[in-house]
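User: Please take a close look at a single part of this model. I would like one connected account of that part, its partners and what packs around it.

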Amino acid sequence: MKARIYHNPMCGTSRKTLDILKEAGCDVSVQEYLKDTPSRDELKRLYERAGISPREGLRAKEPLADELGLRRPDVSDDEVLDAMVAHPILIERPIVETDKGVRLCRPQEKVREIL
């Protein structure tokens, strides 16, 4: 099975998710999203396929989210997506895509839903 992980090697959850994919025998494509940021359209597609909103994909505990006012209830999905592209640290990780779907893998065991 092919899988793509939007990965941050500094994140323990992301590393553990990558390990699960490798242990499952997946052909894994790794995209370090802090260096190679997905486009706005790609993020929107991933969140739609995962069945979550961009706000649910926001790394809300990142201080920058508060600094940019992204936790306000009136913030639009477009504003969140624009901020994520400008500041990829705001993308919650890891995101994994396979033929079976997309999951924001927090906790890392969620990846098993699409294997």
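Analyst: Two strands are taken as paired if DSSP finds at least two bridges between them. The model is a predicted one. The part chosen here is strand β3, which covers residues 95-98.

Start with the sheet. It is an open sheet of 4 strands in the order β2-β1-β3-β4, and its pairing is mixed. β2 (27-32) and β4 stand at the edges with a single partner strand each, so each has one side left without a neighbour in the sheet. From one strand to the next, the twist averages 15°. In the strand order, β3 sits between β1 and β4. In general, strands of a sheet pair through backbone hydrogen bonds, in parallel or antiparallel fashion.

The pairing of β3 with β1 is antiparallel and consists of 4 bridges. Within it, R4 has E97 of β3 as its bridge partner. The pairing of β3 with β4 is also antiparallel, again with 4 bridges. Here I95 stands opposite L104, and T98 stands opposite G101. β3 and β4 make up a hairpin, with 2 residues between the two strands.

Next, the faces of the strand. β3 is covered on both: I95 and E97 are buried on one side, V96 and T98 on the other. For T98, the relative accessible area is 3%. Because the cut-off for buried is under 20%, T98 counts as buried with that value. The side chain of T98 reaches the backbone oxygen of I114 at 2.7 Å. I114 is also among the contacts of T98 beyond four places in sequence, together with M1, K2, A3 and R49. One of these contacts, R49, lies within the residue range of helix α2 (40-50).

That leads to the helices. α2 packs on the sheet, where it touches β1, β3 and β4, and its direction makes about 75° with that of β3. The buried residues of α2 are L43, L46 and Y47. Seen down the helix axis, these residues fall within an arc of 95°, so they line one face of α2. β3 is part of what covers them, and the cover also includes β1 (2-7), α4 (77-86) and β4 (101-104). The other side of α2 has D41 and E48, both exposed. After α2 comes G51, which has a positive phi, near 75°.

Helix α1 (residues 12-23) also meets β3: this helix lies across β1, β2 and β3 and runs at about 170° to β1.

The neighbouring strand β1 holds H7. H7 is buried, at a relative accessible area of 5%. A polar contact of 2.6 Å joins the side chain of H7 to the side chain of S14. Leaving out residues up to four places away in sequence, H7 touches S14, R15, L18, V30, Q31, E32 and Y33. Of these, S14, R15 and L18 fall in the range of α1, while V30, Q31 and E32 fall in the range of β2. From H7 to C26 there are 19 residues in sequence and 15 Å in space, C-alpha to C-alpha.

The cysteines can be dealt with briefly. In general, a disulfide is a covalent bond between the sulfur atoms of two cysteines. This structure holds 0 disulfides. C26 is buried, with a relative accessible area of 13%. The closest cysteine sulfur to that of C26 belongs to C105 and is 11 Å away, too far for a bond. C105 itself is buried, at 0% relative accessibility. For the sulfur of C105, the closest cysteine sulfur is in C11, at 11 Å, which is likewise too far for a bond.

To sum up for β3: the strand has antiparallel pairings with β1 and with β4, and both of its faces are covered. α2 and α1 are the helices described here in relation to the strand. At T98, the side chain reaches the backbone oxygen of I114.

How values were computed. Residues are numbered from 1 along each chain as its sequence is written. This is a predicted model: local features need pLDDT of at least 70, side-chain atom pairs count only at pLDDT 80 or more; totals for chains, interfaces and linings use all residues. Side-chain values use heavy atoms; hydrogens and water are left out. Buried means under 20% relative accessible area, exposed over 50%, partly exposed in between (1.4 Å probe, protein chains only). A polar contact is a pair of N or O atoms within 3.5 Å; within protein, one must be able to donate a hydrogen and the other to accept it, and residues adjacent in sequence count only if both atoms are side-chain atoms. Contact means heavy atoms within 4.5 Å. The arc is that of the directions from the helix axis to the C-beta atoms. Axes are lines fitted to C-alpha atoms, for helices over the stretch in contact, and angles run from 0 to 180 degrees between N-to-C directions. A disulfide is a pair of cysteine sulfur atoms within 2.5 Å.
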